[in-house]
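Q: Please take a close look at a single part of the chain shown below. I should like a connected account of that part, its partners and its surroundings.

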Amino acid sequence: MIKNIKLVIVDVDGVTPTYIAAEKYENQLEAAIADEQVAPSEAVVKSDEIAKSDEVYAADVLIAKKSGFETKLYTKVIDSLGISGLTYMTASSVDGLADLVKNNSFKIVLFDKGCDGVDIEEIVAAIRGRSTSSLLNSTIALVDDGRGDDLTKYLNLVDTIVPNVINKDILDSLFAKFL
């Protein structure tokens, strides 16, 4: 953990620096210090990068399943987990999923590879792009429909692949690991 680090925000026009708490940017600072890009005593960040980091997650979890029935079952199981403060949103179509991930950040995006018309690479690129621009990391969990497709092509794209089994233990484990 970083302690006693002063974060200096330098305005693009060279206006007097402003100081903020380093805790908010701990991961970025630790990586920069480890790579010796900045000295441990001070880190410099441009003001436009700070503005992006003020964004917040739209919800903890985004769920996109291939049918409304499956979506409803997933949300019931999530509600039954009793995780205090856990929020989720659902996408009712591939277009809705694409729109949500382009315009919002989520801690976990759980989507079904069996959704009609889903372009997994496009969805993943949108999620990663949003994570980069907002400075909010998202975990991508691909739900495998069990059709025997070769999953190795998805291993480098997503963070985890979960079976298409509506199971309290699997969801609880997923949330414990990534939330």
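**Strand E6 and its surroundings**

A: Of the 179 residues in the chain, 39% are buried. The model is a predicted one, and its chain has seven helices and eight strands. Among contacts with a separation of 6 or more, 68% link residues 24 or more positions apart. The exposed area of the chain is about 10,200 Å², of which carbon and sulfur atoms supply 49%. Against this background, the part examined here is strand E6, residues 106–112.

Six of the seven residues of E6 are buried, so the strand is largely enclosed by the rest of the structure. Its pairing may be taken one neighbour at a time. With E4 (59–64), strand E6 runs parallel, and five bridges join the two. Within this pairing, Ala-59 has Phe-106 as its bridge partner, and Val-61 has Ile-108. With E7, strand E6 also pairs in the parallel sense, again over five bridges; here Ile-108 is partnered by Thr-139 of E7. Ile-108 therefore has a bridge partner in E4, namely Val-61, and another in E7, namely Thr-139, while E6 itself is largely enclosed.

The link from E6 to E7 involves helix H5 (120–134): E6, H5 and E7 form a β-α-β unit that is right-handed.

The neighbour E4 is mostly covered as well, with six of its six residues buried. E4 also pairs in the parallel sense with strand E5 (residues 88–90), over three bridges. Val-61, the bridge partner of Ile-108 in E6, stands opposite Tyr-88 in E5. A right-handed β-α-β unit is made here too, from E4, helix H3 (residues 68–81) and E5.

The side chains around E6 can be considered next. In soluble globular proteins, nonpolar side chains tend to be buried together. In this model the largest nonpolar core has 23 residues, and the members that touch the most others are Leu-62, Leu-97, Val-109 and Phe-111. Strands E4, E6 and E7 each give two or more residues to this core, as do helices H4 (94–103) and H5. Phe-111 illustrates how these elements meet. Beyond its neighbours within four places in sequence, Phe-111 is in contact with Ala-64, Leu-97, Val-118, Ile-120, Ile-123, Val-124, Ile-140, Ala-141, Leu-142 and Val-143. A second core, separate from the first, has 15 residues, including Tyr-74, Val-143, Leu-171 and Leu-174. Val-143 thus appears both in this second core and among the contacts of Phe-111.

A last point concerns Asn-137, which lies in the loop between H5 and E7. With a relative accessibility of 57%, Asn-137 counts as exposed, because the cut-off for that class is over 50%. Residues up to four places away in sequence aside, Asn-137 touches Tyr-57, Phe-106, Lys-107 and Ser-131. Phe-106, one of these contacts, is the bridge partner of Ala-59. Although Asn-137 and Tyr-57 are 80 residues apart along the chain, their C-alpha atoms are separated by 9.5 Å.

In summary, E6 is joined to E4 by five bridges and to E7 by five bridges, and six of its seven residues are buried.

Notes:
Residues are numbered from 1 along each chain as its sequence is written. This is a predicted model: local features need pLDDT of at least 70, side-chain atom pairs count only at pLDDT 80 or more; totals for chains, interfaces and linings use all residues. Side-chain values use heavy atoms; hydrogens and water are left out. A nonpolar core is a set of buried Ala, Val, Leu, Ile, Met, Phe, Trp, Tyr and Cys residues joined through side-chain atoms within 4.5 Å. Buried means under 20% relative accessible area, exposed over 50%, partly exposed in between (1.4 Å probe, protein chains only). Helices (H or I, at least four residues) and strands (E, at least two) are DSSP runs, numbered from the N terminus. Contact means heavy atoms within 4.5 Å. Accessible areas come from the Shrake-Rupley method with a 1.4 Å probe; for residues, only the protein chains shown count as cover. Two strands pair if DSSP finds at least two bridges between them. A crossover is right-handed if, with the strands pointing away from the viewer, the path from the first strand over the helix to the second runs clockwise.
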